[in-house]
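Here are some short exercises to work through with the model open in your viewer. Try each task yourself before you read the solution under it.

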Amino acid sequence: MQDNAAVDTSSRFSTKYIADNEKFLGWAFLLPAVLYILLLVGVPFVLAIAFSLADVTVGDTTLNFVGLQNFARIMQTPEFWQSLRNTFGFAITAQIITIILANILAVLLSSDFRGKWFALVLIMLPWSTPIALGAIGWLWLLDSKFSPIDWVLRYFSLLGGEGALLGVPKNLYYLGKAQLAQASIIMVYVWRMLPLSAVILLAGLTSIPQDLLDQAEVDGSSFWRTLFQIKLPLILPIMIIAILFSFIYTVGDMAIVFILTRGGPVYYTHVLPTWAYIKGIEGGALAEGAAIALFIFPVLLAAAILILRYSRRTEVT
Amino acid sequence: MKLEKLVLLFSVLVVVALAISACASAPAETQIVTVEVPGETIIETVEVEGETVIETVEVEVEVPVEIEPFPEGTELDILQWSHFVPQYDTWFDPFAEDWGETNGVNVTVDHIALGELPAALTAAIDAGDGPNLVEMVFAPPQFIDGLHDLTDVNEQAQELFGEQAETCIASSYLPATDTWYGYCHGWVPDPADYVIDLWTEVGFPEGPSTWAELLEGGAAIKEQFGVPLGLGLSPELDSRLAMRAIIWSHGGSVQDENECVVLNSPETIEAVNFVADLYQNTMTEEVFAWTPASNNQGLIAGELSYILNSISAYRSLQDIDPEAADNIGFGPALLGPRGDQHASAHVWQIYVIPSYVEGAELEAAKAFLLHHTANYNQAVFNSKLYNFPAFESTVPQLDDWLEADPFGSRPADKLKVLATAKDWVTYLGYPGVANPAIGEVFSSNIIVTMMGQVALGEKTAEEAVADAEAQIEEIFDKWRDQGLVGCTE
């Protein structure tokens, strides 16, 4: 009897000890995330570095070290430089447009109006729709021959007739002209990221203490002054987080470009992920594909560190 | 924001997303094939929309290849593309399963989009696990180190069924290593599809027969009727094939028969200048946004006067608008300025066996390949004459079918020009074989880029060809270092 009681006590003690041990619990809760990152991010990342320094192909992944040969080879192609420019050009332009529109949207949504929840559902749709499905939808909308946008423009005589504002041809060929195709891709990135950024900013706006806003009103602050001198400075840290998420997502995305243009016209809309896929998987040059993909990493790392550091510095307590 | 409202919002979003996904994946109507087997004759009845019987055709069953039953538990996992003619898949899956049942093999067949095949094979080889048999639609020599050498099955097939089509040999055999990395059972012609009444109006009732006539007639049609031609200049499959056909027909090529790079030639420069002329006079910017579906969409909508495509677009049109289908004619590869007549196959059907497949499963995969070829007349028939056989002897009915299309062409001999396809069909790498360097050049869109830049006036033909050749030389040197490309002298 006594022995049993001792065992019970010890068991209760150890359970209690574990439940109260913050150090242990901290590690236990973090472990799944750490494992997830190690296995699904760390291992592929190390593998990509190994591949980029070897002569692996899709048929043979034996690692024969070739130094920086793959990097030298990819840097000789104009497609690589165009992809590099587009990757960051598209991402930065899309972020600027997204953050401006997201601020406007968040300010609008922070006020009360009829049908607000319905508006929120509609706004969130692009984010909740699978990316491939959304991109295919845009592919149809921007089709060279059957674009409904062109149909509407023709209906209002803005396109496809003598003297039409947008030209005589029946179609605008959104994805067949380099600059229009690049603009279309940026627009789809904005369409995709706007809901997330708007909701993050909305959360920031609703967290501003009401007494601050009341005080501003009592002091006679105008709408614009309240917006630029109170609201925006206060939500700046969270705005930077929205930009960070959106930028990283855009730089790493391949689905939108791959589905809309596959890098065309010519190679003017390629981004690093699409060029890496085409070279590495479709072309069989796995090592060069890995080398191209790795160019995204240092810039993303630097961007993440800079933005996080800035975000901490500007945090308002 | 209250919790209930958040939950409500989330639920609505999930429902909407599911509804959109469901709409997108709604199954298309497929045609139904019923198969009876009395003795040694298969009677196939093709039904369209479940009602109208078009034709009943008897197809003899070839003598199957005799094999011993396999050990219990033998698996055969086949991964292949979703065929452009859905009826082929409807026929193929039970055909493979029936063979499995007869021979004690558990057969499963998975279909994916053709564009996903390279990624799927890459993943399988890298993981050392996956399907036993993978059907590729373009020569896959870049995978050679991860594939079984199929010399034995190719030799056996040649013994059983006779001569194999050259376009198939060049797409499954690599001389640099003396290896058959694949088994090519069929290929698909890529003829011209033209709108008869438009071409009749401009004086070519039989369609153009030379590239020069295409330019002349295409320009007249665009001028008079506002209908352009449709040869893609975009980074996708059809564009890559069309641009190669133009180079070959002008006497140029990427490599010679010894696998040495010879792109930078007066003939190629002439071809590039021709494409620029053709684009400026007969096409619109849509060709820079071309997708594999553009041919089909444009032809079906009556918005293109001429395309290069397999007959799948025409088969779709037969279902959608039979009268418009009557207005479609077929032509052979166009003649170049010096009489060269070449066009690539549209796709090749090449089975490969990854090197991780061993033992009874390897033998089962090889045995199935021979059984499939032995019954290739069924494959051709059920693809609605889309597939052409690698071994002509297996489909003795083919010329008769082309003379009198069992699938309702009007006139019935509309497809007879396809009987000449074996005379002008080429292969990636022509006049050399499809090696890994050719595969990378093909996938990297170097030729299409070269053509596009000149068509847009960004480079002269001489500059574009020289730049393309420099890139191609780099790629050839890299694969040559690995011993997979010839021309080592």
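The exercises below go from whole chains to helix pairs and then to single residues.

This is a predicted model, in which local features need pLDDT of at least 70 and side-chain atom pairs count only at pLDDT 80 or more, while totals for chains, interfaces and linings use all residues. Residues are numbered from 1 along each chain as its sequence is written, chains are lettered from A, and side-chain values use heavy atoms, with hydrogens and water left out.

**Exercise 1. Find the secondary structure content and the buried share of each chain.**

Step 1: Chain A has 14 helices and zero strands, whereas chain B has 19 helices and 16 strands. Helices (H or I, at least four residues) and strands (E, at least two) are DSSP runs, numbered from the N terminus.

Step 2: Of the 317 residues in chain A, 45% are buried (under 20% relative accessible area with a 1.4 Å probe, protein chains only). In chain B, 58% of the 489 residues count as buried.

Step 3: Take the contacts (heavy atoms within 4.5 Å) with a separation of 6 or more. Residues 24 or more positions apart account for 65% of these in chain A and for 73% in chain B.

**Exercise 2. Find where confidence is lowest and highest in chain A.**

Step 1: Start with the mean pLDDT (the predictor's confidence in each residue, from 0 to 100). For chain A the mean is 89, and 93% of its residues reach 70 or more.

Step 2: Within chain A, the lowest confidence is in helix H1 (residues 2–20), at a mean of 60, and the highest is in helix H11 (residues 255–260), at 96.

**Exercise 3. Describe how H2(B) packs on H13(B).**

Step 1: Two packed helices are described by the angle between their axes and the distance between the axes. Axes are lines fitted to C-alpha atoms, for helices over the stretch in contact, and angles run from 0 to 180 degrees between N-to-C directions.

Step 2: H2 (residues 86–103) and H13 (residues 359–374) of chain B pack at about 125 degrees, with axes 11 Å apart. H2(B) is therefore oblique to H13(B); angles under 35 degrees count as roughly parallel, over 145 as roughly antiparallel, 65 to 115 as roughly perpendicular and the rest as oblique.

Step 3: On the H2(B) side, the residues that meet H13(B) include B:Trp91, B:Phe95 and B:Trp99. Among their partners in H13(B) are B:Phe368 and B:His371.

**Exercise 4. Do the same for H6(A) and H8(A).**

Step 1: The axes of H6 (residues 131–141) and H8 (residues 178–206) of chain A come within 11 Å and cross at roughly 135 degrees, so this pair is oblique too.

Step 2: From H6(A), A:Ile131, A:Gly134 and A:Trp138 meet A:Met187, A:Val188, A:Trp191 and A:Arg192 in H8(A).

**Exercise 5. Is A:Thr57 buried or exposed, and what does A:Thr57 touch?**

Step 1: A:Thr57 is in the loop between helix H2 (22–52) and helix H3 (69–74) of chain A. Its relative accessible area is 3%, so A:Thr57 is buried.

Step 2: The C-alpha atoms of A:Thr57 and A:Ala285 are 5.2 Å apart, although 228 residues separate the two along the chain.

Step 3: Leaving aside neighbours within four places in sequence, A:Thr57 contacts A:Gly284 and A:Leu286, along with B:Gln142, B:Trp479 and B:Gln482.

Terms used. Buried < 20%, exposed > 50% of the residue type's maximum accessible area, 1.4 Å probe, protein only.
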